[in-house]
Amino acid sequence: METENESVNVPSVGFQPSNEEIERWIDSAFDMAKEALENGEVPVGCLLVYNNEVIGKGRNDVNKTKNATRHAEMVALDQVLEWCNQRNTDFQTVCERTVLYVTVEPCIMCAAALRLSHIPMVVYGCGNSRFGGCGSVVEVSSADLPNTGKPFKCVSGYRAEEAVEMLKTFYRQENPNAPIPKVKKN
């Protein structure tokens, strides 16, 4: 069920959520993914959990906003930044003790943002063979990348089949937000 990246570059997290905690937070991430699917978005949902409290949550919002950067992880990171600003708390200090739970392996962009934010651990469902930043395509999470934040631990495989089925459901349906194809003239 779970696999971990065991690179020598990945530091110890310093804390480990229990299996019960992981399952509870993954359940909530799947609720976010279902909400995304119901709203015509790629079904990815995530939570950022600090001290057993959700301080950021997101689902893909790319189609609605017409902004390709509005992935679930980016939406959630924006909420964490707002949470920290409201409490006059240091963003990096909070992130260093925060776990991300997400239904699909973060893409390269999101993995880089998580690394730069110093998130120490990511728990996800299925891999992302097209854009994965935690090893499926590029190993952003643990590669030796100078001046790019801290490497992070990845734990994968939680409800992976369900995550894949949700993605298949999305891609089988017609995307109402897709641009109208242009007919090429010879």
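What share of the contacts in the protein chain with a separation of 6 or more comes from residues 24 or more positions apart? In this model, which is a predicted one, the share is 64%, and I would like to keep that figure in mind while we go through the elements, the core and the salt bridges.

Let me begin with the overall layout. The protein chain has 186 residues, of which 47% count as buried, and its secondary structure consists of 6 helices and 6 strands. Read from the N terminus, the order of these elements is β-α-β-β-α-α-α-β-α-β-β-α. The accessible surface comes to about 10100 Å², and carbon and sulfur atoms account for 50% of that area.

Turning to the interior, the largest nonpolar core contains 47 residues, and Leu100, Tyr101, Val122 and Val123 are the ones with the most contacts inside it. If we take Val122 as an example and set aside residues up to four places away in sequence, its contacts include Leu100, Val102 and Pro106, together with Leu114 and, further along the chain, Phe152, Lys153, Cys154 and Val155.

Helix H3, residues 72–86, deserves a closer look. Its 15 residues should span 21 Å at 1.5 Å a residue, and the C-alpha atoms at its two ends are indeed 21 Å apart, so the expected and the modelled span agree. The buried residues of H3 are Ala72, Glu73, Val75, Ala76, Leu77, Val80, Trp83 and Cys84. As general background, an α-helix has 3.6 residues a turn, so residues three or four places apart point the same way. The buried residues of H3 pack against strands S2, S3 and S4 as well as helices H4 and H5. After H3 comes Asn88, which has a positive phi, near 50 degrees.

I move on to the salt bridges, of which a search of the whole structure finds 7. One of them joins Lys34 to Glu162, with the closest N and O atoms 3.9 Å apart. This pair links distant parts of the chain, since Lys34 lies in helix H1 and Glu162 in helix H6, 128 residues apart. Both partners are partly exposed, Lys34 with a relative accessible area of 35% and Glu162 with one of 28%. Lys34 and Glu162 also belong to a network of salt bridges that includes Asp27 and Arg159.

A second pair is Glu35 and Arg59, where the closest N and O atoms are 2.9 Å apart. Here, too, distant parts of the chain are linked, with Glu35 in helix H1 and Arg59 in strand S3, 24 residues apart. Glu35 is partly exposed at 34% relative accessible area, whereas Arg59, at 15%, is buried. In a third pair, Asp78 and Arg70 have their closest N and O atoms 2.8 Å apart; Asp78 is partly exposed at 40% relative accessibility, while Arg70, at 19%, counts as buried because the cut-off is under 20%.

Two further places are worth pointing out before I stop. His118 sits in the loop between H5 and strand S5, and with a relative accessibility of 14% this residue counts as buried. Apart from its neighbours within four places in sequence, His118 contacts Gln92, Cys95, Glu96, Gly149 and Lys150. On the outside, Ile108, Val137 and Val138 make a nonpolar surface patch of about 200 Å². Ile108 belongs to helix H5 and is partly exposed, with a relative accessible area of 34%.

Methods
Residues numbered from 1 in each chain as written. Predicted model: local features only at pLDDT ≥ 70, side-chain atom pairs only at ≥ 80, totals over all residues. Heavy atoms only, no water. Patch = residues over 30% accessible without salt bridge, like charges linked within 9 Å, V, L, I, M, F, W, Y side chains within 5 Å. Areas by Shrake-Rupley, 256 points an atom, 1.4 Å probe, with all protein chains shown as cover. Salt bridge = Lys/Arg side-chain N within 4 Å of Asp/Glu carboxyl O. Helix = DSSP H or I, 4+ residues; strand = E, 2+ residues; numbered from the N terminus. Buried < 20%, exposed > 50% of the residue type's maximum accessible area, 1.4 Å probe, protein only. Core = buried A, V, L, I, M, F, W, Y, C linked by side-chain atoms within 4.5 Å. Contact = heavy atoms within 4.5 Å. Expected span 1.5 Å × (residues − 1).
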